[in-house]
Amino acid sequence: MKGLIPQVRSYERSVQLLMVNQFTINLGFYMLMPYLAAHLSGTLGLAGWIVGLVLGVRNFSQQGMFLVGGTLADRLGYKPLIIAGCVLRTLGFATLGLVDSLPALLAASAATGLAGALFNPAVRAYLAADAGERRVEAFALFNVFYQAGILLGPLVGMVLTGVDFRITCLVAAGIFALLSVVQIRALPARRAEDAGGRASDGGQGVLAQWRGILANRPFLLFSVAMIGSYVLSFQVYLALPLQVRRLGGDGEFGTAAVAVLFAVSGLSTILGQTRVTAWCKARYEPGQALVRGLAAMGLAFVPLLAATAVPVPESGAGLWLLAAVPPTLAALLLAVGTMIAYPFEMDTIVRLSGDRLVATHYGLYNTICGIGITVGNLGTGAALDAARAAGTPALPWITLIALGLACAAALYGLHRTGRLAAPPASEPLPTAV
């Protein structure tokens, strides 16, 4: 951590600001969202299906609009979309704390999701453009700030929500309002350009651009292969906490053990991301690093698989260790796999885009992976239920290990056939006529 600040200062002011912005974005988001369901069901007394609807609208509006947000960023410039997203999230979070009617809650939830769809592709495309040849290292630093916001946000939110959830909403809205002002004043304007300095959209219409991207077969294959990384990393929020609580219960021990999962995941990234990236870049090609990252994420569930062979104690320290240690090891290994893959993943998207319509590519990539997460989580939940019903506790972990290794194999095939390399300068991306 001692060398983090000098590394950040070695980049242009725009890149430095984008990293701090992402920390602040995640701080504001994660101080509110983990506690929203409890507010809706407890304070407002809404039925479970309505709570699910409100939360689902946010996710749907974000995943469904990523492509639109990326397209607008490429056409209008990155800065306007980043600012628009922050302003919209300011309004959405403030509304969530001040209203109790279902239509208003749905509108606020949709606004917070749309906000993410607007600034997420724009931030990554802007960072990639201004980091230049140092994209991989920049995305490694970006992930440090990203994880720091995720780690600190729930802690701040817990303190504020202990007073009143409305205060949490208003403080989160205030953070995004301040962030909007800072970016209006300090973030340089940046239009999307190709490698030759021309406008990235090439004068094409939106539908022609989308058809061209959909004809970019290496990009689509890469996007599908990377779905597994998002399904696996999401298990820190799904399968691992469920496993802890299944054995350790819902009391203080279960709560503390789940908190340790999140802390291990976030702190390991904050402390190790830049070192892991430097080590991998010195030894591997980007495709090789991606294969190793996905394989590590799949093998992260081996401790949980091994634990199924151990008889479950009825109580005492043995039960607590069995409940906490294998999931914590899995969370640590997932973080290591993500550290290996993430910077090269972000860089590969830029390369496969041919430095054209980068934000649009990021938008479509996010949409594909978002759909994959939804399907993957349904499958994971079904595997957990089937394992309980059939008395085969190893089933979900075998499934997740197989998913990680299958995606690693797919990436290995793409790398060996040269499909993860940038298209030659003389060979533009496919376009629709």
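## Exercises on a two-domain model

Gln63 is found in helix α4, and the coordinates used throughout these exercises belong to a predicted model.

**Exercise 1.** Decide whether Gln63 is buried or exposed, and list which residues Gln63 touches beyond those up to four places away in sequence.

*Solution.* Begin with the cut-off, under which a residue is buried when its relative accessible area is under 20% and exposed when that area is over 50%. Gln63 has a relative accessibility of 18%, and therefore counts as buried. Next, look for the contacts of Gln63, leaving out residues up to four places away in sequence; what remains is Asn366, Thr367 and Gly370.

**Exercise 2.** Work out how the buried residues of helix α3 are arranged around its axis, and which elements they pack against.

*Solution.* First collect the buried residues of α3, which spans residues 33-43: these are Met33, Tyr35, Leu36, His39 and Leu40. Around the axis they cover an arc of only 145 degrees, which means that they sit on the same side of α3. The general background is that an α-helix has 3.6 residues a turn, so residues three or four places apart point the same way. Then turn to the face directed away from this buried side, where the exposed residues Ala38 and Gly42 are carried. Finally, follow the buried residues of α3 outward to their packing partners, which are α2 (13-30), α4 (48-76), α5 (78-98), α6 (102-131), α7 (135-163) and α8 (165-186). Just after α3, the backbone at Gly45 takes a positive phi of about 65 degrees.

**Exercise 3.** Describe the interface of domain 1 and domain 2, considering the area buried, the polar contacts and the elements that supply the side of domain 1.

*Solution.* Start from the bounds, since the domain assignment gives domain 1 as 1-189 and domain 2 as 206-420. Taken over C-alpha atoms, the centres of the two domains are separated by 22 Å, while 32 residues of domain 1 are in contact with 35 residues of domain 2. The area buried between them is about 2,800 Å², and carbon and sulfur atoms give 65% of that area. In domain 1, the residues that lose the most area to domain 2 are Leu67, Arg135 and Val136, which together account for 21% of what that side buries.

For the polar part, count 9 residue pairs in polar contact across the interface, both residues being at pLDDT 80 or more, and 3 salt bridges between the domains. On the side of domain 1 that touches domain 2, α4, α6 and α7 each supply at least two residues, and α7 gives the most, with 13 residues.

Notes
Residues numbered from 1 in each chain as written. Predicted model: local features only at pLDDT ≥ 70, side-chain atom pairs only at ≥ 80, totals over all residues. Heavy atoms only, no water. Buried < 20%, exposed > 50% of the residue type's maximum accessible area, 1.4 Å probe, protein only. Helix = DSSP H or I, 4+ residues; strand = E, 2+ residues; numbered from the N terminus. Arc of directions from axis to C-beta. Contact = heavy atoms within 4.5 Å. Domains from an automatic or database assignment. Buried area = accessible area lost by both parts, 1.4 Å probe. Salt bridge = Lys/Arg side-chain N within 4 Å of Asp/Glu carboxyl O. Polar contact = N/O pair within 3.5 Å; in protein donor to acceptor, adjacent residues only side chain to side chain.
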